[in-house]
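Please examine the sequence and the structure shown below. The paragraphs that follow lead from the ligand to the surrounding framework and then to the charged pairs.

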Amino acid sequence: MEPKHLLTPYKMGKFDLSHRVVLAPLTRQRSYGNVPQPHAILYYSQRTTPGGLLISEATGISDTAQGFPDTPGIWTKEQVEAWKPIVKAVHDKGGVFFCQLWHVGRVSNNGFQPNGEPPISSTDKPIISKTREEVDITEFSPPRRLKTNEIPHIINDFRLAAKNAIEAGFDGVEIHGGNTYLIGQFMKDSVNDRDDEYGGSLENRCRFGLEVVEAIVKEIGAERVGVRLSPFLDLMDEPDSNPNALGLYMAESLNKYNILYLHVIEPRMVLMEGKLQIPHAVFPMRKVFINGALIVAGGYDKDEGDKVIREGYADLVAFGRLFLANPDLPKRFEVNAMLSKYDRKTFYISDPVLGYTDYPFLLN
Ligand SMILES: Cc1cc2nc3c(=O)[nH]c(=O)nc-3n(C[C@H](O)[C@H](O)[C@H](O)COP(=O)(O)O)c2cc1C
């Protein structure tokens, strides 16, 4: 049998994927007023292949979920309607499209919040970093600690957003438990300082995220649910003191829900033997997460992607910056073509074309 690689088909639940090159969720800040725009039709359809999996940019679940300018939402009728033609365009080209559901928690400021109120979080401790790495120079406002009896309302917002995503036509949702947004602010012990059943022990800190998973699984079915985690990342001074234990506990717990996939971001690349390399820290999670597919992301290229698929370390690999700059990335991998370079300066500008839909395709 030929060894598996990125272009080997994969059956993920009921989805027959024709290859394993996934579009990673990429915030592009071009959804004016939190409403997805028609230019996203071209952007996503450019990155669609028949049988390819796409994960949408992080999408707010409620009016308290926002912290970045012009990121899309999925809590109003208008937003749901605006997503429909975008999802349809992906489906028309045979793609499989998941919506990443997001609540930023304290990675926000009063200006993004209803009535100028403080952002909500697991804590009332402010973020120490002054700026969001690479994104902008927004100052964060001190958050308001959610009361225990408010937490079910936030879980309900996640549930309703998942329901809306299905109504908009998405094939499923990815719950954003990564990058120390609201779910991560509960999970990570450097942030969570609660003394109720949502704080303290590892089990308590993971409770909020798992209750979100449970509510969404009940609403739309486990076969349409993915979860993204980044236990190893320490963005904005928010590390966990034991990321391996956190990752393992979440992987074991999620395995019991029979969700479709677990998507894990690797730790930052490190210099080994004179070369920047991916630390490959996800293996213990892979060993316990056996009921669904495992997607890995973070610093991958074709060679490294082929290698982890061949070795069975992951089932699928998500590509962020390379897919952003190479709309036909699976094709380029197939023919070993040169890759276009991404332009960091245009990642988050609001232009509907520049740095968004103007990256070149290979000439046929
Ligand atoms: C412009 C940009 C926007 C991103 N937005 C999101 C996002 O909305 N949700 C998310 O989970 N990760 C987001 N990420 C992280 C990527 O999904 C991915 O994990 C990261 O870029 C590392 O993968 P790469 O080395 O293939 O780029 C973003 C990254 C970039 C560069």
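A polar side-chain atom of H176 is placed 3.1 Å from an oxygen atom of the ligand. The model is predicted, and this distance, like the others below, should be read accordingly. Two arginines also present polar side-chain atoms to ligand oxygen: for R228 the separation is 2.7 Å, and for R321 it is 2.6 Å. Of the 600 Å² of accessible area that the ligand has on its own, the protein covers 89%. The ligand is surrounded by 15 residues, of which P25, T27, R228, G299 and R321 come nearest. Sorted by class, this shell comprises seven nonpolar, six polar and two charged residues.

Two of the residues that contact the ligand are also linked through the strands. Strand β9 (residues 172–177) runs parallel to β10, and five bridges join them. Within this pairing, H176 has R228 of β10 as its bridge partner. On strand β11 (residues 261–265), the pairing with β10 is again parallel and extends over four bridges. Here the bridge partner of R228 is H263. R228 therefore has a bridge partner in β11, namely H263, in addition to its pairing with H176.

How many of the five residues of strand β10 are buried? Five of the five residues in this strand, which spans residues 225–229, are buried, so β10 is largely enclosed by the rest of the structure. The side chains are divided between two directions: V225, V227 and L229 point one way, whereas G226 and R228 point the other way, and all are buried. R228, whose side chain approaches a ligand oxygen at 2.7 Å, thus belongs to a strand that is largely enclosed by the rest of the structure.

Attention may now turn to the charged pairs. The whole structure contains 17 salt bridges. One of these joins the side chains of D92 and K88, with an N to O distance of 2.8 Å. D92 and K88 are four residues apart in helix α2 (residues 77–92), so about one helical turn separates them. D92 has a relative accessible area of 56% and is therefore exposed, the cut-off for that class being over 50%.

Other salt bridges involve buried residues. D196 and R194 form a salt bridge in which the closest N and O atoms are 2.8 Å apart, and both residues are buried. In the salt bridge between R205 and D240, the closest N and O atoms are 3.2 Å apart. Because R205 lies in helix α5 (residues 202–220) and D240 in the loop between β10 and α6 (243–256), this pair ties together parts that are 35 residues apart in sequence. Burial is defined as under 20% relative accessible area; R205, at 8%, is therefore buried, and D240, at 9% relative accessibility, likewise counts as buried. Salt bridges also link K77, E81, K84 and E167 in a network.

A final point concerns L53, which is located in strand β4 (residues 53–55). With a relative accessible area of 2%, L53 is buried. Its C-alpha atom is separated by 9.8 Å from that of D16, although L53 and D16 are 37 residues apart along the chain.

Definitions and conventions:
Residues are numbered from 1 along each chain as its sequence is written. This is a predicted model: local features need pLDDT of at least 70, side-chain atom pairs count only at pLDDT 80 or more; totals for chains, interfaces and linings use all residues. Side-chain values use heavy atoms; hydrogens and water are left out. A residue is near a molecule or strand if one of its heavy atoms lies within 4 Å of it. A polar contact is a pair of N or O atoms within 3.5 Å; within protein, one must be able to donate a hydrogen and the other to accept it, and residues adjacent in sequence count only if both atoms are side-chain atoms. Accessible areas come from the Shrake-Rupley method with a 1.4 Å probe; for residues, only the protein chains shown count as cover. Ala, Val, Leu, Ile, Met, Phe, Trp, Tyr, Cys and Pro count as nonpolar, Asp, Glu, Lys and Arg as charged, and the others, Gly among them, as polar. Buried means under 20% relative accessible area, exposed over 50%, partly exposed in between (1.4 Å probe, protein chains only). Two strands pair if DSSP finds at least two bridges between them. A salt bridge is a side-chain nitrogen of Lys or Arg within 4 Å of a carboxyl oxygen of Asp or Glu.
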